[in-house]
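Thanks, everyone, for making the time. I would like to walk through one model with you this morning, slowly, and I am happy to be interrupted.

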Amino acid sequence: MGTRGSVFVEAEPSNPREDVMLEFKALTKRFNDKVAVEDVSLTIPQGQMVGIIGRSGAGKSTLLRMINRLADPSGGELLHKGVDVAKLKGAELRAWRSNCAMVFQQFNLVGRLNVITNVMTGRLHEHGFLSAMLQMFSAQERAFAIRALDRLGMAHTALQQTDTLSGGQMQRVAIARALVQEPEILLADEPIASLDPLNAKLVMDALRAINTEDGLTVICNLHTLDTARAYCDRIIGMQAGRVVFDGAAHELTDAAAREIYGAEAGEAFQEGLTSTSLGGHTRPAPTMPQPARAAVG
Ligand SMILES: Nc1ncnc2c1ncn2[C@@H]1O[C@H](COP(=O)(O)OP(=O)(O)OP(=O)(O)O)[C@@H](O)[C@H]1O
């Protein structure tokens, strides 16, 4: 892990399995002459829940998108268990992408399809093009999808048309879809940025529960400091493409936050200022949201 500058502190992985899953080596991404991510070197062990924070344009999305190759690095290496992800092609690249599922701020579901079909599209990597188009999913896959929805408190919506759901419900369906991919890594790009505080909490609780119960590595871009502090084992702070903080949540001092957020530091500290601010600095109990009525969505 990096040791540059006074705000670098050693993160404390909560998971006893210390094996390195991802290794970033001087990873860089340029868009023409714009450097979006610059010289990032760090390691992420299996089973860690990592929050990436920083102001708009800091490079958070680009860093995340390089992991599943939605963006290709311009320089450096990204190793998964020693294999350079940037060099994967064809079937190997498809396998890698299914191994690191991603959820997005805008959910990326097909609104006119029902919920369970959207969830089962997480199994597309197991199907040929034709069977996927004809939605020829097996009974086991359907049962698997229902179980994933049930964990998210969403099984009762399985046959509902997806565009009738609220944003919070859609994000939980998107997480269920990610789960049926049976990934090792779950990437979440601003998963709660469009949600009200209650739904934001349900989604973050779900991500934390998946991390804790399934041992998935979760890497999550977040706008607000307090959310990252409340849910993540480790926080990576970015500023202008560079990592300027890398440590445990409780080690993120005011000085470190000022370096990450610059003039916006005051706002970042004002809990309740944005819809994504959840308040409280205690970790939630690692359980999934309760099904049906309790889940306001
Ligand atoms: N496809 C692209 N083409 C050109 N520039 C890009 C592209 N994607 C990102 N950038 C630039 O790279 C920089 C980092 O963008 P990125 O989206 O990674 O930041 P971010 O921290 O995720 O911001 P936000 O929180 O607003 O999503 C920004 O200056 C952005 O304008």
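I will begin with the chain as a whole, then turn to the ligand, and finish with the helix packing and a loop residue.

Please keep in mind throughout that this is a predicted model. The secondary structure of the protein chain comes to 10 helices and 10 strands, and of its 297 residues, 45% are buried. If we take the contacts between residues at least 6 apart in sequence, 73% of them join residues that are at least 24 apart.

Let me move to the ligand. Which residues surround the ligand? Reading along the chain, they are Phe 31, Lys 34 and Ala 36, then Gly 54, and then Ser 56, Gly 57, Ala 58, Gly 59, Lys 60, Ser 61 and Thr 62. Sorted by class, that shell has 6 polar residues, 3 nonpolar and 2 charged. Two elements, strand S2, covering 34-45, and helix H1, covering 60-67, each supply at least two residues of the shell, and H1 gives the most, with 3 residues.

It is worth staying with H1 for a moment, and asking how many of its 8 residues are buried. The number is 7, so H1 is largely enclosed by the rest of the structure. The buried residues in H1 are Lys 60, Ser 61, Thr 62, Leu 63, Leu 64, Met 66 and Ile 67, and I would point out that Lys 60, Ser 61 and Thr 62 also belong to the residues around the ligand. Just after H1, Arg 69 takes a positive phi of about 65 degrees.

Now to the helix packing, where H6 takes part in both of the pairs I want to show. Two packed helices are described by the angle between their axes and the distance between the axes. For H5, residues 139-151, against H6, the angle is about 135 degrees and the axes are 9 Å apart. That makes H5 oblique to H6, and their crossing is right-handed. On the H5 side, Phe 144, Ala 145, Ala 148 and Leu 149 meet Ala 176, Leu 179 and Val 180 of H6. The residues of this contact divide into 7 nonpolar, no polar and no charged.

With H7, the geometry is as follows: H6, residues 167-180, and H7, residues 197-214, pack at an angle of about 15 degrees, with their axes 9 Å apart. That makes H6 roughly parallel to H7, and H6 passes H7 in a right-handed crossing. From H6, the residues in this contact are Gly 167, Gly 168, Gln 171, Arg 172, Ile 175 and Leu 179, and they meet Asn 199, Leu 202, Val 203, Ala 206 and Ile 210 in H7. By class, this contact has 6 nonpolar, 4 polar and 1 charged residues. Leu 179 is listed in the contact with H7 and also in the contact with H5.

Finally, let us follow the chain out of H6, into the loop between H6 and strand S7, residues 185-189, where we find Gln 181. Is Gln 181 buried or exposed? With 21 other C-beta atoms within 10 Å, Gln 181 is buried. Leaving aside residues up to four places away in sequence, Gln 181 touches Ser 98, Ala 101, Gly 122 and His 125. Asp 84, by contrast, lies 97 residues from Gln 181 in sequence and 22 Å from Gln 181 in space, C-alpha to C-alpha.

Notes
Residues are numbered from 1 along each chain as its sequence is written. This is a predicted model: local features need pLDDT of at least 70, side-chain atom pairs count only at pLDDT 80 or more; totals for chains, interfaces and linings use all residues. Axes are lines fitted to C-alpha atoms, for helices over the stretch in contact, and angles run from 0 to 180 degrees between N-to-C directions. Helices (H or I, at least four residues) and strands (E, at least two) are DSSP runs, numbered from the N terminus. Angles under 35 degrees count as roughly parallel, over 145 as roughly antiparallel, 65 to 115 as roughly perpendicular and the rest as oblique. A crossing is left-handed if the near helix is turned anticlockwise from the far one by less than a right angle, and right-handed if clockwise. Two residues are in contact if their C-beta atoms, placed from the backbone, lie within 7 Å. Ala, Val, Leu, Ile, Met, Phe, Trp, Tyr, Cys and Pro count as nonpolar, Asp, Glu, Lys and Arg as charged, and the others, Gly among them, as polar. A residue is buried if 20 or more other C-beta atoms lie within 10 Å of its own, exposed if 12 or fewer, and partly exposed in between; C-beta atoms are placed from the backbone. A residue is near a molecule or strand if its C-beta atom, placed from the backbone, lies within 6 Å of it.
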